[in-house]
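Please find below my comments on the structure, set out as numbered points. They are intended to be read alongside the sequence and the coordinates.

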Amino acid sequence: MTVSWDLLISTAGGVTATVVGVIAGGVVGRRGQHRQWLQGTQTAAYEKFLQAFGAVEAELREAFLDERRPAVDWVSFVAAQHSVSLVADPATSAAAERVCEILEDFTILFHGRQPTDLEELRPIHTALGEAHLSFVNAARYSLAPSQRRLARSLGGPSPWRGVESFYTRPDRSLD
């Protein structure tokens, strides 16, 4: 019994195509799963960072306005920084670093004294707002490059008019 070369070649070709297809499918599937995992992990890290930043910024601002020493939860903020550093792309990491630098400038206002001059806070407050927006935009782009940049974002430092209004009240109470 003789085997037809045409049959042998077509069978070998079919087996080869199947094996190549399975390998390619595995590679593509694994790459997709990795991308999905990374995006989910990045989202969680960015959210954690923004929440920790909000808590630190609010406490520093309230301490400044109340003329008291701040009671900042630095442990949560540093943990959030570490989470971002594990998964962020270079642009998002740089934007997070800028936020941290400005928060450090804010804490320096409290070193050895209680700040009372609202004009000392204005440039820091403005820089924090800009840094927050830069981080949000960098994070959005890293998660989905098709997202358009925001001109403003929700969250972050409160509007300056609110800070100024509260600070100029004689009793500085919320009543």
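1. Thr 126 belongs to helix α4. In this predicted model, the residue has a relative accessible area of 40%. Thr 126 is therefore classed as partly exposed, since that class spans the values between the 20% limit for buried and the 50% limit for exposed residues. Its C-alpha atom is separated by 8.4 Å from that of Pro 157, although the two residues are 31 positions apart along the chain.

2. His 125 is also a residue of helix α4. Is His 125 buried or exposed? With a relative accessibility of 7%, His 125 counts as buried, because the threshold for that class is under 20%. Leaving aside residues up to four places away in sequence, His 125 touches Pro 157, Ser 158, Pro 159, Trp 160 and Val 163. Pro 157 thus appears twice in these comments: as a contact of His 125 and as the partner in the C-alpha separation given for Thr 126.

3. The secondary structure consists of five helices and zero strands. Along the sequence, the order reads α-α-α-α-α. Among contacts between residues at least 6 apart in sequence, 74% join residues at least 24 apart.

4. Which residues have the most contacts inside the largest nonpolar core? They are Phe 49, Phe 64, Leu 103, Phe 106 and Phe 135, within a core of 36 residues. At least two residues of this core come from each of α1 (5–66), α2 (74–87), α3 (90–108), α4 (118–143) and α5 (160–167). As general background, nonpolar side chains in soluble globular proteins tend to be buried together.

5. Leu 103 merits a separate comment. Its contacts, apart from residues up to four places away in sequence, are Phe 53, Val 56, Glu 57, Leu 60, Phe 77 and Leu 128. Glu 57 is therefore one of the residues touched by Leu 103, as contact here means heavy atoms within 4.5 Å.

6. A nonpolar patch is also present on the surface. Val 15, Val 19 and Ile 23 make up this patch, which covers about 270 Å². Of these residues, Ile 23 lies in helix α1. Ile 23 has a relative accessible area of 54% and is therefore exposed, because the limit for that class is over 50%.

7. Two overall values complete the note. Of the 175 residues of the protein, 31% count as buried. The accessible surface amounts to about 11200 Å², and carbon and sulfur atoms account for 60% of this area.

How values were computed
Residues are numbered from 1 along each chain as its sequence is written. This is a predicted model: local features need pLDDT of at least 70, side-chain atom pairs count only at pLDDT 80 or more; totals for chains, interfaces and linings use all residues. Side-chain values use heavy atoms; hydrogens and water are left out. A nonpolar core is a set of buried Ala, Val, Leu, Ile, Met, Phe, Trp, Tyr and Cys residues joined through side-chain atoms within 4.5 Å. Buried means under 20% relative accessible area, exposed over 50%, partly exposed in between (1.4 Å probe, protein chains only). Helices (H or I, at least four residues) and strands (E, at least two) are DSSP runs, numbered from the N terminus. Patches are made of residues with over 30% relative accessible area and no salt bridge: like charges are joined within 9 Å, nonpolar side chains (Val, Leu, Ile, Met, Phe, Trp, Tyr) within 5 Å. Accessible areas come from the Shrake-Rupley method with a 1.4 Å probe; for residues, only the protein chains shown count as cover. A salt bridge is a side-chain nitrogen of Lys or Arg within 4 Å of a carboxyl oxygen of Asp or Glu.
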